[in-house]
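Q: Please take a close look at one part of this model, the place where the two chains meet. How are the copies related, and what makes up the side of one chain that touches the other?

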2 protein chains.
Amino acid sequence: MAKKSNEYLDVDPFKIIETGFHKDRAMVSESIFSLGNEYAGIRGFFEEGYGGKSLKGSYFNGIYEYALKETENAYRGIVKRTHFTINSVNWVKCKIEVAGEVLDLDLAKIDSFVRELDMTSGLLKRSFNWHTKAGVISLCFERIMSMDNCHEMLQRITFASKNEVQVKLAMHLDSNVLHWSKDCYWNREKEIVEDNQYGVFTSTLSTDQSLLSLMQIETKEEPVNSFSLDKEVVVEYDFQLKDKTTFTRYVINICDKTNKDNFVGLFKQAKEELKCFVSKGYSQMLSENQAYYKKVWDSSDIEILGDPKNQQGIRYCIFQLEQTYHGFAKDNNIGAKGLTGEAYSGHAFWDSETYCLPFYLFSNKEAAKNLLMFRYHTLDEARKRASDLDCVGACFPIATRNGKEGCNLWQHASLQFQPSTGVVYAIMHYMNLYNDKEFMQNYGLEMVVEVCRFMLSRGQYNQDHSGFGYFGVMGPDEFQMMVNQNTYTNYLAKKTFEYLLELVESKQYDIKSIFKKCGCDEDFLKDIKEASAKMIILYDDQTKLFEQHEGFFKLPHLDINSIPTSDFPLYAHWSYDRIYRNDMIKQPDVLMFMFLYNQDFTLEQKKANYEFYEPKCIHESSLSPSIHSIFACELRKLDEAAKFFEFATRLDLDDYNCNTCEGIHTTSIAAAWMNIVYGFGGLRSERKTLKLAPTILPKWQGYSFKINYQGSKLLVSVTQEKVTLSLEGNPIELKVYDQLITLKDKYELMRQ
Amino acid sequence: MAKKSNEYLDVDPFKIIETGFHKDRAMVSESIFSLGNEYAGIRGFFEEGYGGKSLKGSYFNGIYEYALKETENAYRGIVKRTHFTINSVNWVKCKIEVAGEVLDLDLAKIDSFVRELDMTSGLLKRSFNWHTKAGVISLCFERIMSMDNCHEMLQRITFASKNEVQVKLAMHLDSNVLHWSKDCYWNREKEIVEDNQYGVFTSTLSTDQSLLSLMQIETKEEPVNSFSLDKEVVVEYDFQLKDKTTFTRYVINICDKTNKDNFVGLFKQAKEELKCFVSKGYSQMLSENQAYYKKVWDSSDIEILGDPKNQQGIRYCIFQLEQTYHGFAKDNNIGAKGLTGEAYSGHAFWDSETYCLPFYLFSNKEAAKNLLMFRYHTLDEARKRASDLDCVGACFPIATRNGKEGCNLWQHASLQFQPSTGVVYAIMHYMNLYNDKEFMQNYGLEMVVEVCRFMLSRGQYNQDHSGFGYFGVMGPDEFQMMVNQNTYTNYLAKKTFEYLLELVESKQYDIKSIFKKCGCDEDFLKDIKEASAKMIILYDDQTKLFEQHEGFFKLPHLDINSIPTSDFPLYAHWSYDRIYRNDMIKQPDVLMFMFLYNQDFTLEQKKANYEFYEPKCIHESSLSPSIHSIFACELRKLDEAAKFFEFATRLDLDDYNCNTCEGIHTTSIAAAWMNIVYGFGGLRSERKTLKLAPTILPKWQGYSFKINYQGSKLLVSVTQEKVTLSLEGNPIELKVYDQLITLKDKYELMRQ
């Protein structure tokens, strides 16, 4: 793996700390110090402006636009116009001037720089001393977004000086923001300058959405001026600093995702909310956030004893997952970069169900359910997509924010079906844990049926009708582009079909009405049964190997260790076609379905396939190493488990992929959670009975994780010697090391 | 085949005639009535303007530009900026006004419309009576481009009327022309209005090329005004028409393909040429062109007795090939649409060598050689392309005008290698006929070696090193996109390697110096030998079938007759990915290599493969039917041969593909010539001894074709009963129906 650690942050159990400004990491830090509350996110850029490289990004979940230009050669089924979450109002912007010098950390003389993100409150704080011609000024910038009242966002700037210094401060709300540093997707609608309140109301170019930002500033200083510009308002201060003075900016940001003309309604609401917010004040808001995060840590903290870096890392992962998504709205989802950058367009991928869902399943039922509801609410778009592909049923998009396919690389959008089967897997997973029959009857079943219809219509029988499968597809491994009988695709389709058949056989649901609603013909179930029974699964009983796709075993062999490190990432250095014609893989494919349906396979099979595919994998996807680590844990190859785990928790903190500057790897860090819970903890949840089989790295003193299961809270603590299960709530049944137990409050056993 | 005839032209042996204006075919006629002289081409649009749909296209061979915007997602090896032959000066533009009405055939009341293209002179003539408020005026427009003096182009407009009518005429030279009806790629440089001469000098936006148009008008009328505009000059007349008056416009169009700053030199040259041109006059120019075409028909006419439509059709094909290319310049090539439209960007494809070259090989040695020299002169670009694909040697582009790869669909540009092996095939073919050792030593060998190096470096051994072949390729059949071991690719690579080995063994060339120049390592020949010996050729001795690629036989079967006609063309109606996952093919692939290396295969093999692949082929490429017809001839399936030949000669005249409006199918109509000579005539030329094996369609009384061979002229006449070979020149050796004969002057035998 051509990944290496680039450490520069201080290690701390609950904080991320940068001591001294690391200018060469400025954009990496912008990403790492991002704040979010699911409703919105803001990168950790410097509010006062910065002359060096910077992405001043502020994003609102579900506020998006379409590309200005169409894709070339957009044949039928190829996406003509992609869409993306757009950069939005800069609500922390300010300008600070002393003695003719405008503060800019690219140029300013400073000392004692400390930046700190507190994961017990979501408070971001940055302080330093600025050496101006007029003397030294201490500055402290704080920023926080409310987790409970998602429109509330706060900034505080504190100035202190031993001398008397004249300071100019301008505080802006600015919607003149460029997306991809190129285009502004906002129309001017209205600026507000009245009664000490300042606001900007803008609408999107074409998606009929709007955003109102309204702010009020609390300070003992008097403004000298306030005015509006095009899509911008400014409040100016010019004050004599003596000792200390503070500016607290209260901002209410409200989006209307479906209407751009409701200024009157939004403004009324914002004014009311702003009034409450100001009267509540900074301290109470901070306490509320602390209380919020206390609950988070109480229910989902992971402790690692004897490994402070991973301790910090895993908490950072959980913290960022929480910031990005905790499921308070059914139309939100999890972008590959969360709300921390523009790469991947704010799109949700199959990652949401396959990599992120387990964390929510075991910590936050509502969030888990809402992730599924996102798919239900976009089911009609998935139906249209299936039709664009000359199929029936529903094809869930590879990349989307609004339910439409957003990926305009046809080779991915038209050939990869793991998002569709992934939705069914997620429904099954959710049902295993919550047995939510109402959900299944009202929403789940329809999705299962529509995905089955799609997978049936996209599949084909071979010439003699003896086998059913998928021709011209790409599996999860994107280095084998257009192949036949990708075993992941076939296996997932088979399991998807079987799940529907199981639901039918259970006789617990009114399936007929769903069949009718979806327009299934009378042979539908028969066809599903036959396709499922005849599904081609390339497997060699001698070697116990699944073949990744037809012909994979015959591909020329490439020794991945012979690739010079400078060739990575391959997409940037190799001719595009060269990537696709050897037995190198980018990420797990066979191992991926063996992970998802772990208990379908023997240890022998897992060993054989792990040992065959692992040496072929270059992990160019950050989703890859954790899955390998989980297998290595199960196979008790602890050195390898440790190697693959090495950067799972600190992927972004130590910028292993050298691209954290673009935003953090939100969905990948969800895999870090899985790496501990499924890997070291040996949790298996794809069958109705939960299973645990903990192991531990030799260098750890111990670790523990918490999960919610059937309404109870389970704490799993593992040391070198033993495993302790502690339960709060009703007794549960589960398997530990294959032994079925009923856990009441506490259970201890030797670690195996 | 979802192709049907849309006849509307009169049948005539040497003319193309449209009687009555077919408004619904206006753009088709624009293409069909295109003129060209290799140096330039102009569509048959109405010089006076036309309010209906029209593409006013004027193109100069080798005058091109790059796309204004870059390809999205251009990973390494993907073309960032394509290029294309650009629409250029409109040198026939005029405006005619009578009694306040501007002539526009979209609106005007006319009768007796006749448009006529004379294939014995290249004169295009259009006449009609125009009913104006002031009376009826007879108009005749003539247009001709000199075949001998390529800069000379002439237009004549004749007005006649029985009444006295006041007529306004403006004659323009206009470089404000849009390409793709969108962008003008010309910079203004200079307009000339002096001494009765009017000119426009413009340069291309970025390619450092320039074009000077200079004209003089011969008429008894006096201009009332002349002036210049931006990139345009205008001469205005306002005359009283009585009886008849004529305006003859002499135009000299000169390009500078490498310099945009040589106005002085070009202007001097143009003035001199214009002087000669005017003094020569219309009649002499017409005679010169008649003499030119007499030679063409003398050396390459095809006669078909008893089939006037195909008679006209095949002559139209030969005429258009001659107009597009006769090899007077080494930097010209043959665009898929010749110089008759903008589709396919004026690019040359593998068609040049594989479909067009045979016509030139047997009619015009210089043209044939220059087609090869085009590749030699662009060899450095092909080397760069190979390097862009992380290979060595030379990879000739899929589509090009300037030698660079011009196709920005990576799946074609990076996966199809028939242009490269096609160049070697063409060299071999040329050498068979002309044994031009100087060419081989100085040019051919270097190309053969570089293509071998490329094909060696792009190929890969399978896991146990027992077989060599190509992974991730597309063969000629573009409906099987990214496959392994495409047999066409492998077979051609093998033959390419073998050809080099044969050249080495012949000891007739200094190969060492070429190896040195190309940087071949010392193992090169050994590697070529091994790869060639181990080349994977998928063949089943039982069925005698070659498998198109690995897995083709296992693809789901699609009955192509079940596809509704309204689904064609599939690219416009089917989801892009759907095209690629069944056993339907677009064009011959296995049959293509069996055509090229015909004598490598037994009749039994040809029969088996024809019968297997023909029913799977939908001929969505216009290059396809002729190849099938040639096989059907050899297999004496004359009904099928006739069916596939049906539209070969009249593809454009009867607009079978419904897209002649975009330009004529220049390279496809070359296949019509092959259909007769290789198909019915049974000519085989890929080995050193020429072979003939004529058959004839039952409905024909007879047919004949002429070829140049080893400096002699051979006339092959075929009737239902016999075959007559007539020779002018030195005796030649050839095989007729597998019997080796020495032909002196005449030889007659029974037709078999």
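A: What follows takes the relation of the copies, then the contact side, then a small sheet in the same chain.

The model is predicted. Chain B is superposed on chain A by a rotation of 180°, with 0.0 Å of shift along the axis and an RMSD of 0.0 Å. This is how a two-fold axis relates two copies. Both copies use the same surface, since 100% of the contact residues of chain B recur in chain A. Within chain B, the residue that comes closest to the rotation axis is B:Met482, whose C-alpha lies at 3.3 Å.

The contact itself involves 38 residues of chain B and 38 residues of chain A, with contact meaning C-beta atoms, placed from the backbone, within 7 Å. On the chain B side, strand 18 (460-461) and helix 13 (570-573) each supply at least two residues. Sorted by class, that side of chain B has 16 nonpolar, 13 polar and nine charged residues.

Turning to the sheet, chain B has an open sheet of three strands in the order 22-26-27, with mixed pairing. Strand 22 (691-692) and strand 27 (739-743) of chain B are at the edges; each has a single partner strand, so one side of each is left without a neighbour in the sheet. Strand 22 of chain B pairs with strand 26 (residues 732-736) of chain B in the parallel sense, over two bridges. B:Lys691 has B:Lys735, in strand 26 of chain B, as its bridge partner.

Technical notes
Residues numbered from 1 in each chain as written. Chains lettered and ligands numbered in written order. Predicted model: local features only at pLDDT ≥ 70, side-chain atom pairs only at ≥ 80, totals over all residues. Least-squares fit on C-alpha atoms with pLDDT ≥ 70 in both. Contact = placed C-beta atoms within 7 Å. Helix = DSSP H or I, 4+ residues; strand = E, 2+ residues; numbered from the N terminus. Nonpolar A, V, L, I, M, F, W, Y, C, P; charged D, E, K, R; others polar. Pairing = 2+ DSSP bridges.
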